[in-house]
Amino acid sequence: MSQTLQAIRGMNDILPAEAERWEAFEELVRDWLTAYGYRPIRMPLVEATPLFARAIGAVTDIVEKEMYSFTDSLNGEQLTLRPEGTASCVRAVLQHNLLYDGPKRLWYMGPMFRHERPQKGRYRQFHQFGIEALGLAGPDIDAEQIIMCARLWDDLGLNGDGNIKLEINSLGEAEERARHRADLVTYLERHTDQLDEEAKRRLHTNPLRILDTKNPALQALVEGAPKLIDYLGENSLKHFEGVQQLLKDAVIPYRINPRLVRGLDYYNLTVFEWVTEQLGAQGTVCAGGRYDGLVAQLGGKPAPACGFAMGIERLMALLEAKEGFIEPPAPDVYVVHQGEAAQRLAFRAAEMLRNTGCAVFTHMGGGSFKSQFKRADASGAQLAVIIGDDEAAANAVTLKPLRVDAEQQRVPLEDLADRVGDWLYGTDEEFDEE
Ligand code: ATP
Ligand code: MG
């Protein structure tokens, strides 16, 4: 009966110390997105199932075997927990006609759901932030999105030792992929004996995905396969070169990986991944590219588009290794008090300090002054406000330095905010000197 309740396998609680790191990360990310003109959009976590089949492709890993789909027992609707953000974002853009007055740059962040085998860096509920630029056709936006990522790695302090490497490829246009596909299937058919089960299954549904196989036994075969890049026409090549020129100008090293195909069907032209070797098999921290056909495919007036998504858990795992990414948050002031009158004064004092912008932790749960001081010290607060019977009677408090350089002193309540300000930020005279 009293079996412990557990979170669903592959779905994690993010506990306070970690959640604080996430928040610091999110704050930095918001500033960075704003610097590139992206505006937030928030979509529901649940969408009608057909959206994903139509957008992502019926024979992709995600749609075939990773989606949390169910029937709403209350009304019989077919629903799916979103496995990624692009489909929902484009759906929202079309539903609200956001492209009516020109291109849009949008970003979102939140949980995604995929029924995969949980392992380090791979979860069933994971988090992404993603950006989508809609209505822009040139290679400039592709390049800017990649350059943007490079800046984020710098901002996060992750770039120092070439930690995260950029791979790019071009998937060309549909006709080019079709010609390549025909040759690829012929090539693979000549070697069916060497294919694994997965590749055999993919051979006539999504052969491009075979190139992306992680099976070491297939590497040589895949290495010798026809390369999509050799099938690109003039326009596709020009676009690809345009992206590369801007990357070179920005001094961003990259590697062309002809086998980079991405797992979702909606991509064309530029695709890219940022990959690290520090996370084992789950090394892709950011992936994206162009998807010019998706808007029309979902029923909109054709509009080019380009975007990427980052896996936040994987980025946080990289940041974990970095000391001092965030300061553990501490209150400015810890209020210790004993006695009923003191408690009431403690509440007043704490609110007065919060009025001036201080973070204040008021002790609760009683205990001796000694044990309260232990807590105060452990909290990391800069100073303690002490209120006992004497202080309460005098409508005053005692200030005790915990980490600031000052002498303990008794202060009338009305001077408290000023004095704490002096202790925390220095006196006015010192400010004037600066
Ligand atoms: P992978 O090849 O690792 O399965 P993917 O191609 O399925 O990745 P995308 O759909 O492009 O991934 O998602 C973009 C990013 O989201 C990935 O690069 C990764 O950082 C993150 N991501 C994808 N699936 C998961 C997951 N199950 N758990 C944690 N992060 C994930
Ligand atoms: Mg996947």
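## Exercises on a predicted two-domain model

Helix α11 (residues 312–320) crosses β5, β6 (125–134), β7 (164–170), β9 (268–276), β10 (284–290) and β11 (305–311), and runs at about 110 degrees to β6. Here helices (H or I, at least four residues) and strands (E, at least two) are DSSP runs numbered from the N terminus; contact means heavy atoms within 4.5 Å; and axes are lines fitted to C-alpha atoms, for helices over the stretch in contact, with angles from 0 to 180 degrees between N-to-C directions. This is a predicted model, in which local features need pLDDT of at least 70 and side-chain atom pairs count only at pLDDT 80 or more, while totals for chains, interfaces and linings use all residues. Residues are numbered from 1 along each chain as its sequence is written, and side-chain values use heavy atoms, with hydrogens and water left out.

### Exercise 1: the domains

Task: state into which domains the protein is divided, and how far apart their C-alpha centres lie.

Solution. The division gives domain 1 (16–173 + 233–320) and domain 2 (333–425), with bounds that come from an automatic or database domain assignment. The C-alpha centres of domain 1 and domain 2 are 48 Å apart.

### Exercise 2: the eight-strand sheet

Task: give the order of the strands in the open sheet of eight, and name the strands that stand at its edges.

Solution. Start with the order, which is β1-β5-β6-β11-β10-β9-β7-β8, with mixed pairing. β1 (39–40) and β8 (255–256) stand at the edges and have a single partner strand each, so one side of each is left without a neighbour in the sheet. Two strands count as paired if DSSP finds at least two bridges between them. Next, look at one edge, where β1 and β5 (residues 104–113) pair in the parallel sense over two bridges, and where P40 has W107 in β5 as its bridge partner.

### Exercise 3: two buried residues

Task: for L33 and Q244, find the helix in which each lies, its relative accessible area and its contacts.

Solution. Begin with L33, which is found in helix α1 (residues 16–35) and is buried, with a relative accessible area of 0%. Buried means under 20% relative accessible area, exposed over 50%, and partly exposed in between (1.4 Å probe, protein chains only). When neighbours within four places in sequence are set aside, L33 is in contact with Y38, W107, I131 and M148.

Then turn to Q244 in helix α9 (residues 234–249), a residue that is buried with a relative accessible area of 11%. With neighbours within four places in sequence again left out, the contacts of Q244 are I168, Y254 and I256.

### Exercise 4: the buried face of α2

Task: list the buried residues of α2 and determine how they are placed around its axis.

Solution. In helix α2 (residues 49–56), the buried residues are T49, L51, F52, A55 and I56. Seen down the axis of α2, these fall within an arc of 160 degrees, so they line one face of the helix; the arc is that of the directions from the helix axis to the C-beta atoms. The elements that cover them include β2 (46–48), α3 (61–66), β3 (68–71), β4 (78–81), α4 (86–95) and α10 (294–297). After α2 comes G57, which has a positive phi, near 115 degrees.

### Exercise 5: helix α12

Task: compare the expected span of α12 with its end-to-end distance, then sort its residues into buried and exposed.

Solution. At 1.5 Å a residue, the 16 residues of helix α12 (residues 340–355) should span 22 Å, and the end C-alpha atoms are 23 Å apart, which agrees; the expected span is 1.5 Å times one less than the number of residues. The buried residues of α12 are A342, L345, A346, A349, A350 and L353. They cover an arc of only 140 degrees around the axis, which puts them on the same side of α12. On the other side, E340, R344 and N355 are exposed. Among the elements covering the buried residues are β12 (333–337), β13 (360–362) and α15 (416–425).

### Exercise 6: the five-strand sheet

Task: give the strand order of the open sheet of five and name its edge strands.

Solution. The order is β13-β12-β14-β15-β16, and the pairing is mixed. The edge strands, β13 and β16 (409–412), each pair on one side only. β12 and β13 run parallel and are joined by three bridges, with V333 opposite V360 in β13. Finally, α15 lies across β12, β14, β15 and β16, and runs at about 5 degrees to β15.

Terms used. Chains lettered and ligands numbered in written order.
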